[in-house]
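User: Got a minute to go through this one with me? I'd like to start with the sheet and work outwards.
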Amino acid sequence: MKVLLLKDPKDKDSGPDPYIKELQACGFEATLIPVLSFEFISLEGLFEKLCHPESYGGLVFTSPRALEAIKICLKENSKNEAWSKCLKQMWNTKPAYVVGKATASLVEEIGLIPQGEKSGNAEKLAEYICSSIALENLTVYQTTQHSDLQESLNSYFSQQGIPASIVFFSPSGVKFCLQHIQKLLGDFSNSIKFAAIGPTTAEAMEAAGIPASCTAESPTPQDLAAGIQKALHLQNCSISK
C-alpha cells in the first residue's frame with residue numbers, strides 16, 4: 001500500500017528519512033513530498049540573546065529549524081569560538097526543552113542536553129514549562145510554500161495513482177496542500193485515510209473539513225506507522241530500532 005508523506009525531508013547528511021524507513025519496514029510504499037520552504041530571520045538578534053544566558057531560565061526549541069538557525073549563527077568563527085569557550089557551558093546549567101526526538105538530537109549536536117522529548121506534543125510540553133518559567137518568544141524563521149509543491153503533487157498522482165493514506169505534518173501543510181490534493185483526488189477523497197502527526201495538525205485538518213482517520217500518539221515514525229496500520233485495519237509490524 002502507498003503512503004504519501006507531506007513533510008520536509010531529513011537532512012541528507014544524517015541518513016534516510018526515519019518516517020520513510022519505518023513505513024517501508026512495515027510493508028508500505030512511502031513517498032515524501034516537501035511542502036515548506038524556510039527563510040531564516042533575526043539571526044543577529046538570536047545570537048545576541050544567546051550571549052546573555054544569565055538573563056534566561058532556559059531555552060525552548062520548537063522545531064529542528066530553530067536549531068538550524070543557531071547552526072547558521074555558529075558558522076562564523078568568532079561566534080563559534082564564543083559558543084565553544086563559554087556560552088555552551090553556561091547554557092548547559094539551564095534546561096533546553098524540546099518536543100520530539102529529531103529536535104533533541106540536533107540540540108545534542110550543538111552541545112546541549114535536551115529535556116521534554118517524550119512529552120509527545122507542544123501542548124503537553126508547554127504545560128510543563130509554564131509551570132516553572134516565564135517565556136520570551138523569538139521567531140527565527142518563517143515558512144512559505146515550497147516552490148515545487150504543486151508540480152511534485154501532480155507528478156506523484158499521475159505516476160503513482162491514489163495512495164492508501166496521506167499524512168500531514170503541520171497546519172501549514174494542510175493550508176498549502178489540501179485544496180490541490182482534493183482536486184487531484186476528485187471522487188476518491190472519501191476513500192483516503194488522512195493521517196496527522198499530532199493534535200495541532202489534526203485540528204487544522206478538522207477545521208479544513210477533513211477529519212483525521214488517525215493521529216500519531218507521539219510524533220515518532222513508530223507511532224505514525226502504528227496509527228496508519230490501525231486506520232487501514234492491518235496487522236502491526238515489528239517496530240524497528
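**Sheet, cores and salt bridges**

Analyst: Sure. α1 lies across β1 and β2, and its direction makes about 165 degrees with that of β2. Keep in mind that this is a predicted model.

User: What does α8 touch on the sheet?

Analyst: α8 packs against β1, β8 and β9, running at about 160 degrees to β8.

User: And what's the strand order in that open sheet?

Analyst: Going across, the five strands are β2-β1-β8-β9-β10, with parallel pairing. β2 (29-33) and β10 (214-215) are at the edges with a single partner strand each, so one side of each has no neighbour in the sheet.

User: How many bridges join β8 to β9?

Analyst: Four, and the two strands run parallel. Within that pairing, Ile166 sits opposite Phe194 in β9.

User: What else does Ile166 touch?

Analyst: Leaving out residues up to four places away in sequence, Ile166 contacts Leu4, Leu6, Phe157, Ile181, Leu185, Ile192, Lys193, Phe194 and Ala195.

User: OK, on to the cores. Which residues of the largest nonpolar core touch the most other members?

Analyst: That core has 24 residues, and the ones touching the most other members are Leu6, Ile166, Phe168 and Ile181. At least two residues each come from β1 (2-6), α7 (149-160), β8 (165-168), α8 (171-185), β9 (193-196) and α9 (199-207).

User: Which element gives the most to this core?

Analyst: α8, with six residues. Apart from this core there is another one of 23 residues, including Phe47, Phe61, Leu87 and Ile110.

User: Why would nonpolar side chains end up together like that?

Analyst: As a general tendency in soluble globular proteins, nonpolar side chains are buried together.

User: Changing topic: Lys79, buried or exposed?

Analyst: Lys79 counts as buried, because its relative accessibility is 9%, and the cut-off for buried is under 20%. The residue belongs to helix α4 (residues 77-91).

User: Which residues does Lys79 touch?

Analyst: Not counting residues up to four places away in sequence, Lys79 touches Glu44, Phe47, Cys73 and Leu74. Phe47 is also among the members of the 23-residue core.

User: How many salt bridges does the structure hold?

Analyst: Eight. One of them pairs the side chains of Lys7 and Asp17, at 2.7 Å from N to O. Both residues are in the loop between β1 and α1 (18-25), ten residues apart.

User: Are those two buried or exposed?

Analyst: Lys7 is buried at 10% relative accessibility, and Asp17 is buried with a relative accessible area of 10%.

User: What about Lys49, which residue does it form a salt bridge with?

Analyst: Lys49 pairs with Glu136, with the closest N and O atoms 2.4 Å apart. That bridge links distant parts of the chain, 87 residues apart: Lys49 is in helix α2 (residues 43-50), while Glu136 is in the loop between α6 (122-130) and β7 (141-145). Lys49 is partly exposed at 29%, and Glu136 is partly exposed at 49%.

User: Back to α4 for a sec. How far apart are Glu81 and Lys85 in that helix?

Analyst: They are four residues apart, which means a separation of about one helical turn. Their side chains meet in a salt bridge at 3.0 Å, N to O. Glu81 is partly exposed, at 42% relative accessible area, whereas Lys85 is exposed at 61%.

User: And which residues do shared salt-bridge partners join into one network?

Analyst: Asp8, Arg65 and Glu68.

How values were computed:
Residues are numbered from 1 along each chain as its sequence is written. This is a predicted model: local features need pLDDT of at least 70, side-chain atom pairs count only at pLDDT 80 or more; totals for chains, interfaces and linings use all residues. Side-chain values use heavy atoms; hydrogens and water are left out. A nonpolar core is a set of buried Ala, Val, Leu, Ile, Met, Phe, Trp, Tyr and Cys residues joined through side-chain atoms within 4.5 Å. Buried means under 20% relative accessible area, exposed over 50%, partly exposed in between (1.4 Å probe, protein chains only). Contact means heavy atoms within 4.5 Å. A salt bridge is a side-chain nitrogen of Lys or Arg within 4 Å of a carboxyl oxygen of Asp or Glu. Two strands pair if DSSP finds at least two bridges between them. Axes are lines fitted to C-alpha atoms, for helices over the stretch in contact, and angles run from 0 to 180 degrees between N-to-C directions.
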